[in-house]
Amino acid sequence: MKKIFTLIAAALITMGVNAQTESYKAIIVDGDNITLAPEFAAVIDESNNATNVADGKSIVTINTTNMTLEAVGGATIADKKDPDDPTLNLGQDLTPGAVISEENHTYEIASVGSWNPIQWKNGNNKLDINDGKGTKLYYVMGTGNPYVKMFCEELYEEGPDGPTPTGKYRAQYEYYVPGGQVMPLVGLYYKFTPKVSGKLKVQIWANKGNRHTYVIDDATKEAVKYQAEGYINGQRANTTTPVIDPETGEQKLDNQGNPIWEQYQVYFTPEQIDSIHRAVQCTAEEQPDGTIIYTEKDPLYGPYIIAGGNQAFWGWITFDVEAGKSYWLFQDSSQVGFGGFDFTTGDEPGPQGNDLTVMVSVHSETPVILNLEADKEYTMSGPINSPSLIINGVEGANAKIKMASGSYFSPKSDLILKNVDIDAAATSEPLIKLNETPIESSINAEGGYYIIENIEISNSNLSNVSQIINDNNVKYCVHNMLVDNCVVSLNASSKKTVFDFSKQGFINNLTVKNSTFYNKGADQDYFVRYNNSGRCDRAGFKEEGNSINYENNTFYNVAKEGQWGNYSGFAGRNTSFWVMKKNIFVDCGSGQICRRYLGGRDNQATATFEDNTYWFNGAPEDTGNYDNSGTAIQSDPQLTDPANGDFTPKGEEQLAKQTGDPRWLANAISDLTVTTADDANAPVYNLAGQRVTPDTKGILIKNGKKFVNR
């Protein structure tokens, strides 16, 4: 009978809307200080040797709200030492007993002379560049093979009369077999016992991809299916950054004369891992209806080889667990590294409400549409990966979303966020980091860009955001991106670019309107930066052109010492359109907003400017021949209290011409007083910014203040 298997479980537990996630890290990283978690650190000495050994085991118990974990380490047999020459290999320190097999030179073990110490230590840390920063994934490494039975083998060597015994012995092991009734009660393994049902995601390091990695249900002794995602050693890809020869200053070439590029480690999704596994470990049979059935070449052991080959794997495995049951995680003939876990429960209410990461993960339709409840609190426990996603709050009663560390939106196609308040204080990730595995069918023929049609953020408040969007080093072109009626506070710990497509991509049409951006953290390098090759004709939009549009916005302290825009592909082209109307810039863009906005090209026939304020370090910006409209406002907008988030303008001209984010103008209107205009010496304006006579009726502006003239 064929055993058909893929690593991706067909039906993982569906999480309820009140799911919550709890996490545990086995290694604590605080800057350059890297230590084992307290549970491990408490049972080792200065040499990382376990101090709690009993019955040949060191047991570390970890308890979270809904999970109990036992990490069990074991000892290995020490080598025999020659008292006269310690460099000689005398085999392992064991004494053989009764013969098991003369043909295989195996014996029972009569005694073990000495054991190596059981250890818990930090090691085999691997680079994770899925987060765009080159963060390391850290692991606790334990000792001991998780064997079922141990015996000894005599070592033979070739002599003139054939193989001859050496009198040296080494341990041999009988390992766990899936479905077997004897569990490996010695050696390294991790035993998880959840208090509630849910989904368990464990960070592991697996030595050599062709070793068998098991998750075993303790009750049935059967192996559990799991999803795997992460990295395989040696699987790297080229960036667009050349490797420079320091002597010549030119790009290095390989032995065949090909240019050498800097590389990055490739992250594989569960689907990609499954595809690699099928290609290496399975045979494919096409059925009459055109479907393909993959059959394991080795039905007993093959399903538990994560991918294939002989390379290390580091990343995550995810599997379903049931309340009160125990699950063993181990490799049969090696030691698995353990980095920690995320446990998402099925039905327990989380402290902040619903977990959007889980809610999106259980939807298979495209697009995923989530209609959030008014004023309700939600969380994001991790990245939200969805080909296309629409999240709708309720207008006037925005849903509240709190992003956990490492969380971000990771779309491959359209993303719409409406009527939400998002707090990103806990994560250093961008709000949106485009998916590293784009939809292949979305690529355009002209320039090889993966096209995303629409990204929209509207009627929302975004607080403590490091970046709005990052291309994730993938050649994306977002056709249209809109930010409308939003307040965005930027608060990165290091210099960032707010709209960052500098690695590979660009936004064909970017529109920001009726919004406020202000900075509370490190300065920005750029507000908008695209890869210099990005332009409309290379992404299939030559007929419509490309554009950058700012209308009725207030910007404060953004990229104060940086650049407002950097996109050489747009500059000076008749297919590039620029619209900048009724914006207020205070201490932004090094006082060169206009120049950088137009990519350094003045007198642009396709540019439209109207009633903008460029105020930098207490003086108006020199607009040169960039904003040559003659409408630039040269006076201080007198923002009320920008340091504390009040951007209401008091400047007479700004109020007269109704410039900046309309929400702050509405604040100004709310302070109306009823009076008669009796100061004939001050000019009077209507709300359209037109000068009128003092006896005009209605809402008027005088001396920078609104009043009602009846």
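**A predicted chain rich in strands**

Glutamate 652 is partly exposed, its relative accessible area being 28%; here buried means under 20% relative accessible area, exposed over 50%, and partly exposed in between (1.4 Å probe, protein chains only). This residue lies in helix α5, which covers residues 652–656; helices (H or I, at least four residues) and strands (E, at least two) are DSSP runs, numbered from the N terminus. From glutamate 652 to proline 683 the sequence separation is 31 residues, while the C-alpha to C-alpha distance is 9.9 Å.

The model is a predicted one, in which local features need pLDDT of at least 70 and side-chain atom pairs count only at pLDDT 80 or more, while totals for chains, interfaces and linings use all residues. Residues are numbered from 1 along each chain as its sequence is written, and side-chain values use heavy atoms, with hydrogens and water left out.

A look at confidence comes next. The protein chain has an average pLDDT of 86, and 90% of the residues score at least 70; pLDDT is the predictor's confidence in each residue, from 0 to 100. Residues 1–18 have a pLDDT below 50, and this stretch makes 59 contacts in the model beyond near neighbours in sequence, a contact being heavy atoms within 4.5 Å. Residues 347–353 also have a pLDDT below 50, with 19 contacts beyond near neighbours in sequence. Where pLDDT is low, the predicted coordinates should not be read in detail.

As a whole, the protein chain contains six helices and 55 strands. Of its 710 residues, 50% are buried. Among contacts with a separation of 6 or more, 71% join residues 24 or more positions apart. The chain exposes about 31200 Å², of which carbon and sulfur atoms supply 45%; these areas come from the Shrake-Rupley method with a 1.4 Å probe, and for residues only the protein chains shown count as cover.

The interior can be followed through its nonpolar cores, each a set of buried Ala, Val, Leu, Ile, Met, Phe, Trp, Tyr and Cys residues joined through side-chain atoms within 4.5 Å. The largest has 77 residues, and the members that touch the most others are Phe409, Ile468, Met481, Phe499 and Phe517. Strand β36 (residues 476–490) gives the largest share of this core, eight residues. Beyond its neighbours within four places in sequence, phenylalanine 517 contacts several residues, including Ile468, Val483, Phe499, Phe527 and Tyr556. Another core, of 47 residues, lies apart from the largest one and has Phe40, Ala206, Ile273 and Tyr327 among its members.

Two cysteines are also found in the interior. Cysteine 282 is buried at a relative accessible area of 6%, and cysteine 486 is buried at 0%. The structure holds zero disulfides, a disulfide being a pair of cysteine sulfur atoms within 2.5 Å.

Strand β6 offers a good place to trace the chain residue by residue. Just ahead of this strand, aspartate 93 sits in the loop between β5 (67–74) and β6, and with 18% relative accessibility this aspartate is buried. Aspartate 93 touches, among others more than four places away in sequence, Ile77, Lys80, Val112 and Ser114. Its C-alpha atom is 9.3 Å from that of alanine 171, 78 residues away along the chain.

Within β6 (residues 94–101) lies valine 99, which is partly exposed at 47% relative accessibility. Residues up to four places away aside, valine 99 touches Thr106 and Tyr107. Strand β7 (residues 106–112) pairs with β6 in the antiparallel sense over five bridges, two strands being paired if DSSP finds at least two bridges between them. Proline 96 has isoleucine 109 in β7 as its bridge partner. Four residues separate the strands of this hairpin, where histidine 105 takes a positive phi near 60°.

On to the next partner: β7 also pairs with strand β12 (residues 149–159), in the antiparallel sense over two bridges. There, tyrosine 107 is bridged to cysteine 152 of β12. The C-alpha atoms of cysteine 152 and valine 99 are 9.7 Å apart, with their positions 53 residues apart along the chain.

Positive phi values appear in loops as well. Aspartate 55, in the loop between α1 (38–41) and β4 (57–63), has a phi near 55° and is exposed at 77% relative accessible area. Asparagine 124 likewise has a phi near 55°; this residue is placed in the loop between β8 (121–122) and β9 (126–128), and is partly exposed at 35%.
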